[in-house]
Amino acid sequence: MIPEGETLSSLSNPLATVEQLSNSSSSLDGVPPSLESSIRFAGLQITQAAGILLRIPQEIIAQAMVIFTRFYLGPEGGSVRKNGAKDVSAASIYIAAKLSADPRTTRSVCNVYAYLMSAPTRQAFPDPPPHDPESYFLPEGSYHSARALLLQTETIILRTLSFNTKVVVPHHLALTYLQTLGVLPTVPSSTSRNLASRTLGYLNLALFSPQLLYITHQPTSLAVAAIYLTAREVEVKLPSNEWWEVFDVDREELGFLVVALQSCEGWIRAEKERWPGKSCPVTVDEVNLEIKDID
């Protein structure tokens with residue numbers, strides 16, 4: 001990955017190289033690009049759902065989703081034919097939570113993923129039926145097998161990423177920028193609340209982007225693009241000058257990110273419609289069976 005640039009290291013992430021974006025270990029293993037994209041999207045959906053069920057803050061969930069995406073990046077990364085999206089998702093959420101101030105136990109993670117992968121839940125995914133996931137309990141033997149796989153996958157991810165699990169997400173940064181621009185007062189109004197909420201919503205949506213925005217652009221750029229787009233939609237007036245340059249974002253990059261954010265919803269809708277009546281493969285066996293059917 002490209003090293004962090006001249007911007008403050010505390011606000012930047014390592015970015016993907018051209019080679020990493022051009023080739024992946026999955027494609028080298030014969031996975032069609034469209035199927036790889038669907039599996040990545042399904043894995044990110046599972047990660048988001050698991051984080052919610054585990055009551056993990058959205059910022060930590062976002063970090064887990066970036067770790068998940070990084071793992072499958074480039075020819076040196078993981079392959080969905082060797083490391084299933086479900087297993088990598090579980091290990092990513094476990095790693096992100098472990099590095100936070102509020103970690104989750106292996107049993108909690110295993111129980112939640114067993115629930116998410118159960119037949120009734122998968123058929124209704126991403127809107128599982130009403131049910132208390134805490135009541136779903138793995139038998140002791142199944143739990144020890146799941147725990148061993150979780151810890152093994154954690155080791156594989158850490159080794160693949162060279163133990164670089166640092167992820168800076170733009171959520172808090174965007175709120176700070178809104179305050180700097182004078183549109184998020186100390187005593188919020190309904191308009192400023194809407195502005196902040198929709199800005200964060202775009203940042204969460206960008207996690208699913210097919211352009212892999214979180215590993216191709218710095219958090220500062222993502223925050224600025226989300227603010228720019230949201231301000232236009234809710235008709236909040238921002239400074240008339242090129243204010244984004246203050247945050248080290250040029251017009252060309254801003255324009256690309258705005259278009260990418262606007263296209264996310266349509267792509268996600270099309271992706272969901274691609275798998276009517278069945279679930280996208282997220283385990284190694286399911287992926288191999290799907291590729292066999294395609295061939």
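Trainee: Which helix gives the largest share of the lining of the second largest cavity?
Mentor: Helix 3. That helix supplies four residues of the lining. Keep in mind that this is a predicted model.

Trainee: Which residues line that second largest cavity?
Mentor: S37, R40, F41, L44, F208, S209, P210 and W267.

Trainee: How many of the lining residues there are nonpolar, polar and charged?
Mentor: Five are nonpolar, two polar and one charged.

Trainee: And how much space lies in the second largest cavity?
Mentor: About 30 Å³.

Trainee: Back up a step. How many cavities of 30 Å³ or more does a search of the whole structure find?
Mentor: Two. The largest holds about 80 Å³ of space.

Trainee: What lines the largest cavity?
Mentor: The lining consists of R40, L44, M65, V66, T69, A206, L207, S209, L212, L213, Y214 and I215.

Trainee: Which elements give two or more residues to that lining?
Mentor: Helix 3 (33-53), helix 4 (58-71) and helix 11 (213-216) do.

Trainee: What is the class split for the largest cavity?
Mentor: Nine nonpolar residues, two polar and one charged.

Trainee: Do the two linings have names in common? I mean, where does R40 turn up?
Mentor: R40 is in the lining of the largest cavity and in that of the second largest cavity. L44 and S209 also appear in the list for the largest cavity and in the list for the second largest.

Trainee: New topic: cysteines. How many disulfides does the count come to?
Mentor: Zero. C264 is in no disulfide, and the nearest cysteine sulfur, that of C280, is 18 Å away. A disulfide needs the two sulfur atoms within 2.5 Å. C280 is in no disulfide either; its nearest cysteine sulfur is that of C264, 18 Å away.

Trainee: Is C264 buried or exposed?
Mentor: Buried, because its relative accessibility is 1%. The cut-off for buried is under 20%.

Trainee: And C280, buried or exposed?
Mentor: C280 counts as buried because its relative accessibility is 10%.

Trainee: Last one, confidence. What pLDDT does the protein chain average?
Mentor: The average is 90, and 90% of the residues score at least 70.

Trainee: Which elements have the lowest and the highest mean pLDDT?
Mentor: Helix 7 (residues 119-124) has the lowest, at 56. Helix 5 (residues 85-98) has the highest, at 98.

Trainee: What should I do where pLDDT is low?
Mentor: Where pLDDT is low, the predicted coordinates should not be read in detail.

Methods: Residues numbered from 1 in each chain as written. Predicted model: local features only at pLDDT ≥ 70, side-chain atom pairs only at ≥ 80, totals over all residues. Heavy atoms only, no water. Buried < 20%, exposed > 50% of the residue type's maximum accessible area, 1.4 Å probe, protein only. 1 Å grid on protein atoms, 1.4 Å probe; cavity = no way out; pocket = protein on both sides within 12 Å on 5 of 7 lines; lining within 4 Å. Points joined across faces, edges and corners; volume = space filled by probe spheres on them. Nonpolar A, V, L, I, M, F, W, Y, C, P; charged D, E, K, R; others polar. pLDDT = per-residue confidence, 0-100.
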